[in-house]
Amino acid sequence: LQPAVIYNSKFRGPSGMLNPHKHDVLSGRGNFVNNHDGNKRFRTIVNQHKQEYVACPKSEKPKYAELIVNEIRDLNPPG
């Protein structure tokens, strides 16, 4: 399952730069993105659903992407 780009752009600092909170999932490369709490949580959620995703027919695979996105968005604050 490939990571989806999920982030909440409401949290901007005084410079206009994005200040991600712990539930946001960041897109990019490198240690900052890989070690961000939201990305760690995202990978955990993906791994929780991985076996079912791999075993299901192709027609059911999109439901897992939606399930993961909804799980992130249902956090407080939403990711």
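## Surface and overall make-up

The accessible surface of the protein chain comes to about 5,700 Å², and carbon and sulfur atoms account for 50% of that area. The model is a predicted one, and the values reported below are computed from its atoms. Of the 79 residues in the protein chain, 30% count as buried.

In secondary structure, the protein chain holds 3 helices and 0 strands, and reading along the sequence gives the pattern α-α-α. Among the contacts in the protein chain with a separation of 6 or more, 33% are made by residues that stand 24 or more positions apart.

## Helix 3 and its two faces

Helix 3 covers residues 61–73, and its 13 residues, at 1.5 Å a residue, should span 18 Å; the C-alpha atoms at its ends are 19 Å apart, which agrees with that expectation. The buried residues of helix 3 are K61, Y64, I68, V69 and I72. They cover an arc of only 130 degrees around the axis, and this puts them on the same side of helix 3.

The partner of this buried side is helix 2 (37–55), against which the buried residues of helix 3 pack. On the face of helix 3 that is turned away from the buried side, the exposed residues are P62, E66 and R73.

## The aromatic pair between helices 2 and 3

A search of the whole structure finds 1 aromatic pair. The rings involved are those of Y53 and Y64, whose centres are 6.1 Å apart and whose planes stand at 90 degrees, so the pair is edge-to-face. Because Y53 lies in helix 2 and Y64 in helix 3, the pair ties together parts that are 11 residues apart in sequence.

Both partners fall under the 20% cut-off that defines buried residues: Y53 counts as buried at 18% relative accessibility, and Y64 counts as buried at 11% relative accessibility. Y64 is also one of the residues listed above on the buried side of helix 3.

A further relation between the two helices involves E52, which has its place in helix 2. E52 and Y64 are 12 residues apart in sequence, while their C-alpha atoms are 8.7 Å apart in space. E52 is partly exposed, with a relative accessible area of 39%, whereas its counterpart Y64 is buried.

## The salt bridge

Side chains of opposite charge can pair when their charged atoms come close. The structure holds 1 salt bridge, in which the side chains of K63 and E60 meet with a distance of 3.8 Å from N to O. That value can be set beside the cut-off, which requires the side-chain nitrogen to lie within 4 Å of the carboxyl oxygen.

The two residues of the salt bridge are in the intermediate class of accessibility, since K63 counts as partly exposed at 44% relative accessibility and E60 is partly exposed with a relative accessible area of 33%.

## The segment after helix 3

The segment after helix 3 includes P77 and also G79. A cis peptide bond joins N76 and P77, with omega at about 0 degrees.

G79 counts as buried, at 10% relative accessibility. The C-alpha atoms of G79 and V69 are separated by 8.8 Å, and the two residues are 10 residues apart along the chain. V69, for its part, is among the buried residues of helix 3, so that this separation relates a buried residue of the segment after helix 3 to a buried residue within the helix itself.

Notes
Residues are numbered from 1 along each chain as its sequence is written. This is a predicted model: local features need pLDDT of at least 70, side-chain atom pairs count only at pLDDT 80 or more; totals for chains, interfaces and linings use all residues. Side-chain values use heavy atoms; hydrogens and water are left out. Helices (H or I, at least four residues) and strands (E, at least two) are DSSP runs, numbered from the N terminus. Buried means under 20% relative accessible area, exposed over 50%, partly exposed in between (1.4 Å probe, protein chains only). Contact means heavy atoms within 4.5 Å. Accessible areas come from the Shrake-Rupley method with a 1.4 Å probe; for residues, only the protein chains shown count as cover. The expected span of a helix is 1.5 Å times one less than its number of residues. The arc is that of the directions from the helix axis to the C-beta atoms. Rings of Phe, Tyr and Trp (its six-membered ring) pair if their centres lie within 6.5 Å; planes under 30 degrees apart count as stacked, over 60 as edge-to-face and the rest as tilted.
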